[in-house]
Each structure stands twice: as C-alpha cells, then as structure tokens.
Amino acid sequence: MGKITHFGITGFFWFALFSVSSAQTPLAGSPGGYTRLGSDGFAASSGNAVVALPGLYSSGFENPALPGADRKSFFNASTFSLGLERKLFSVYGMNPIGPAGAVSYGIQYFTSGDIDARNNNGEKLEAFSTKEITGLFGFSLALKNTPLILGVNLKYRFASLYKEIPSTSSFGIDAGFLWKTRLPNLLIGGSVQDINSQYRWDTKDIYKEEANTTIDNFPVRYRLGVSYKVEAISSTFSVEAEHWTYKTEHREFYYTEPPYPTLQIKKTPEQENAGDFLRIGGIWEATESLSFRAGIDRIDLTYDNTDPRIGLGFRFNHSLGKFSPLIDFSYLFEPNGPQNIWVISTGFSY
C-alpha cells in the first residue's frame, strides 16, 4: 500500500475520531474527543455542566468525587448515535463502601465504523475500522466532620488506528472535589482530568527508515462549577467553567543536499494550546418519576468560530422497592457534525 493511501487513512481517522470535539479550534485535533461529548444522556443534555451536580448518572467520569455524595449502588449503559457510522457506547457503575466512601467503574468504547481503504490509483483494497477505549476505576471519600468530598480516578486509554500501526495505550489520573456550602442547596465542585494521558504512535512498520514516533497528549481539563436547587419550582441549575491545555509536537521535514539527498526530520519547540469553555444546564422535576433537562455546552470564551452545542432530554424513573429502574433520552443539536446526536441511557439503582 502506498504512502498516499496511508496519509489518506490517517487523515480520515483523525476526522472520524475527533470531529465530535470542538470544530475549528486546537481542541478539535486533540485525542479523546468522544469522551468530551458527555458520559451518558444525563450529562450530555445538561450541557455537561455537571461537575458540581450529584445524581444517578455516570458522575464518576465527570468528577471522581461525586459518587461519594450519592453513595448508592447504581449501574447504567448508554448508546450514542453520532453519524458517519461512528458508534459510542458507555457502561458505568458505582457502589458505596465503608461508612463514607464509594467506588466507581466504567468503560467507554468508540469505533469509527468501516473506513474504505484505497491505493494510489483509487482501487479499493479493504475496509477497516478504528477503535478507542477508556476504562475508569475511581474512589471517593467524604472527609469526617467536614463538608468536603474528595475523589480520584485511574484511567486507561487505548487506541487502535490501523493493523500496520501498533496500538497505543496509557494511564491517566483524574482528581476532584465537592464542597457542600453552608448556603442550603448550593454545591461547588471541581476536577482536573487526564493528567499524564497520551498516545504514542510508531510508524516504523510502514515507513521503515523514514518512520517517526509521534506523541499525542490529551488535553488536561480544569473544571470548576456550582449547582443550586430551587425547591420552590422543583428545579436545579448549574454553571461550569473549564480551562483546557495541552502541548503538541512540531516537526519540519527537509532533504539534504545532493548528490545523495536523504529525508531528515527537525523537531521544533512544542506548542502550547489552551482555551476556555462555559457551560450551563437546568433540570426540572415535573413529577416524582419524570424530569426534563436542557443545557448549552461548548460556550467558547477563547475562539470565536466555535458553535455551542444545545441539548434537551428527559428521564423517567420508577421505584419498585429497593430496585429503581430509569431511562434517559437526550437529543443534541450538533452544529458541526453530519447529523444531530441522540443518546439513550438505561440504568437502575439498587
């Protein structure tokens, strides 16, 4: 297979994998775009403004301290419809441990669907698909005699691009807190996500002596938010700010002078990419079993050409003694993707 084919495959891979992230900004080219859509239907349609919002959803993915506030046994599964044959699935669970702790665990799985590979002459060779997996295990603890809950996650990141390129994986860390303020119904939460997460790509099996190793760092995300419950109207409102930052490697390619020119690679200083987001969300509990949500994600405070993502959703849950099943449905208006996104989550507490 020629190099042009490989360049085409690689370009499509990055588009398919990361076009769910913010378009037209440095964040669009960073790893892990699918995980920034939201951990399930609850988070996605709440504008992802959930870092300070406890509740029965995949909260450990958003802030590792939140399971310590819920302290319930819970499990759910979610499916995302992204378009272009891309698929995203998520499963998550949490359980209380001891007098003041909780554990959380989950997996997110993304696949691009079939990609049509062709040679330099445009002839079809085969179809293949890319895959990404994020695994999570977290622990949270309410500190004794304080209104503070702390949490930490260990994350495993895995990606498979193409059969001739070795798969890559790494471990990362999340840390978070939740503070129950003296003002009734006001919570403050924050998290730092994807510390040390990165992908390392090696192309020696394809390009031999012209190969190189590329490191893709995950954006480190600093999230801080508040939530406030207005009991008079059975509603909860949340606001969240995020600062993200990551470094990218840069290389310059050039040929040496004749008579024996060879391709050389020159590394340039790493470039720092950064930006800021604002998110808002609201939940209205219409009845004991039915609630509605709305939110705005990706309000970009740094780049003018990023369109926000609006989400709507509802949840129906019904208590059957200690067993309480629920279903979430969310619809996201995607301004940059091939279609709008819907998310279905089902789960139960027990």
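Here is a short chat about aromatic pairs and cavities in this predicted model.

Colleague: Happy to have a look with you! What kind of aromatic pair do Tyr 199 and Phe 218 form?

Modeller: There are 15 aromatic pairs in the structure. For Tyr 199 and Phe 218, the centres are 4.9 Å apart and the planes meet at 75°. Planes over 60 degrees apart count as edge-to-face, so this pair is edge-to-face.

Colleague: Nice. How many residues apart in sequence are the parts that this pair ties together?

Modeller: Tyr 199 belongs to strand S10 (residues 198-202). Phe 218 sits in the loop between strand S11 (213-217) and strand S12 (220-230), so the parts tied together are apart in sequence by 19 residues.

Colleague: And is Phe 218 buried or exposed?

Modeller: Its partner Tyr 199 has a relative accessible area of 0% and is buried. Phe 218 has a relative accessible area of 2%, and buried means under 20%. Phe 218 is therefore buried.

Colleague: Then which class does the pair of Trp 244 and Tyr 246 fall into?

Modeller: Both Trp 244 and Tyr 246 are buried. Their ring centres lie 6.2 Å apart with the planes at 35°, so the pair is tilted.

Colleague: Turning to empty space, what is the volume of the largest cavity?

Modeller: Searching the whole structure gives three cavities of 30 Å³ or more. The largest cavity has a volume of about 140 Å³.

Colleague: How many residues of its lining are charged?

Modeller: The largest cavity is lined by 15 residues, and among the closest to its centre are Glu 62 and Arg 221. The lining has one nonpolar residue and six polar ones, while the charged residues number eight.

Methods: Residues are numbered from 1 along each chain as its sequence is written. This is a predicted model: local features need pLDDT of at least 70, side-chain atom pairs count only at pLDDT 80 or more; totals for chains, interfaces and linings use all residues. Side-chain values use heavy atoms; hydrogens and water are left out. Rings of Phe, Tyr and Trp (its six-membered ring) pair if their centres lie within 6.5 Å; planes under 30 degrees apart count as stacked, over 60 as edge-to-face and the rest as tilted. Helices (H or I, at least four residues) and strands (E, at least two) are DSSP runs, numbered from the N terminus. Buried means under 20% relative accessible area, exposed over 50%, partly exposed in between (1.4 Å probe, protein chains only). On a 1 Å grid over the protein atoms alone, a cavity is a set of points where a 1.4 Å probe fits but cannot get out, and a pocket is an open set with protein on both sides within 12 Å along at least five of seven lines; lining residues have an atom within 4 Å of a point. Grid points are joined across faces, edges and corners, and a volume is the space filled by probe spheres set on the points. Ala, Val, Leu, Ile, Met, Phe, Trp, Tyr, Cys and Pro count as nonpolar, Asp, Glu, Lys and Arg as charged, and the others, Gly among them, as polar.
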